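This report describes strand pairing, helices and ring contacts in a single protein model. The sequence and the structure come first, and the description follows.

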Amino acid sequence: MGGFGSGRGTRSRKKWSKLIISVVPKLYIPDVVKKSTDGNHCTWEGFSVTLEGDKVRLAKEGEKDILSVILKTPCHYGGYRYACACPRCGRHVKSLYKLVSYIGCRHCFRLTYFSQNRRLSMRLYSKKKLIEEKLNGDVKNKPKWMRWPTFEKLSKQ
């Protein structure tokens with residue numbers, strides 16, 4: 001069934017047409033919790049963000065309020081890490097994003113990072129630039145602080 005090139009391969013999908021995470025407004029939950037010590041109210045992208053105990057309420061005039069539970073995870077050496085449940089899918093996330101008038105996590109909106117949208121040639125070019133920076137632009141001489149196996153590996157690449 002199906003030979004080479006049949007079916008939906010990666011070439012048929014436009015990978016670069018996905019929305020990049022850096023262009024969408026982001027609400028970082030740990031910042032909301034830190035700001036709540038000063039006062040439990042702030043604004044974000046037209047929404048009124050209120051901290052009510054263990055819940056975050058996002059309210060906008062004329063629209064239904066969005067309520068999300070804050071999850072507090074203890075760290076090994078004291079303190080806590082804060083996250084919240086996504087209002088759309090229920091995942092534990094640190095950041096919520098606003099797309100049009102909807103709020104959700106990056107998985108709900110299928111947002112991607114900039115590095116995920118680059119083509120192979122751009123990824124290889126970036127890798128080459130990174131190696132040149134590590135070797136200070138000189139492939140023949142090892143930097144003083146670098147170990148020999150690392151230098152040999154980088155100079156081969």
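A residue counts as buried when its relative accessible area is under 20%. In this model, which is predicted, F151 has a relative accessible area of 6% and is therefore buried.

F151 also takes part in a ring contact, and the count of aromatic pairs comes to 2. The ring centres of W148 and F151 lie 5.8 Å apart with their planes at 85 degrees, and because planes over 60 degrees apart count as edge-to-face, this pair is assigned to that class. Both residues belong to helix α3 (residues 148-156), where W148 and F151 are 3 residues apart and thus separated by about one helical turn.

Rings are also met by charged side chains: K60 lies over the face of F47, at 5.1 Å from the ring centre, while the charged end of K72 sits over the ring of Y80, 4.3 Å from its centre.

Helix α2 (residues 120-134) has 15 residues, which at 1.5 Å a residue should span 21 Å, and the distance of 21 Å between its end C-alpha atoms agrees with that expectation. After α2 comes N136, whose phi is positive, near 55 degrees.

Among the strands, β1, β8 and β9 form an open sheet of 3 strands in the order β1-β8-β9, with antiparallel pairing. Because β1 (26-28) and β9 (102-104) stand at the edges with a single partner strand each, one side of each has no neighbour in the sheet. From one strand to the next, the twist averages 20 degrees. Within this sheet, Y28 has S95 as its bridge partner in β8.

Strand β4 (residues 55-59) is joined by antiparallel bridges to β3 and to β5. The table sets out three antiparallel pairings by their bridges.

| Strand | Partner strand | Bridges |
|---|---|---|
| β1 | β8 (residues 95-99) | 3 bridges |
| β3 (residues 47-52) | β4 | 5 bridges |
| β4 | β5 (residues 66-74) | 4 bridges |

The hairpin of β3 and β4 has 2 residues between the strands, and G53 in its turn has a positive phi of about 65 degrees. The hairpin of β4 and β5 has 6 residues between the strands, and G62 in that turn has a positive phi of about 80 degrees.

In a regular strand, side chains alternate between the two faces of the sheet. In β4, V56 and L58 make up the covered face, whereas K55, R57 and A59 make up the uncovered one. Of the covered residues, L58 is the bridge partner of V49, and V56 stands opposite S68 in β5.

Terms used:
Residues numbered from 1 in each chain as written. Predicted model: local features only at pLDDT ≥ 70, side-chain atom pairs only at ≥ 80, totals over all residues. Heavy atoms only, no water. Pairing = 2+ DSSP bridges. Axes fitted to C-alpha atoms, helices over the stretch in contact; angles between N-to-C directions. Phe/Tyr/Trp six-rings, centres within 6.5 Å; stacked < 30°, edge-to-face > 60°. Buried < 20%, exposed > 50% of the residue type's maximum accessible area, 1.4 Å probe, protein only. Lys NZ or Arg CZ within 6 Å of the ring centre and 35° of its normal. Expected span 1.5 Å × (residues − 1).
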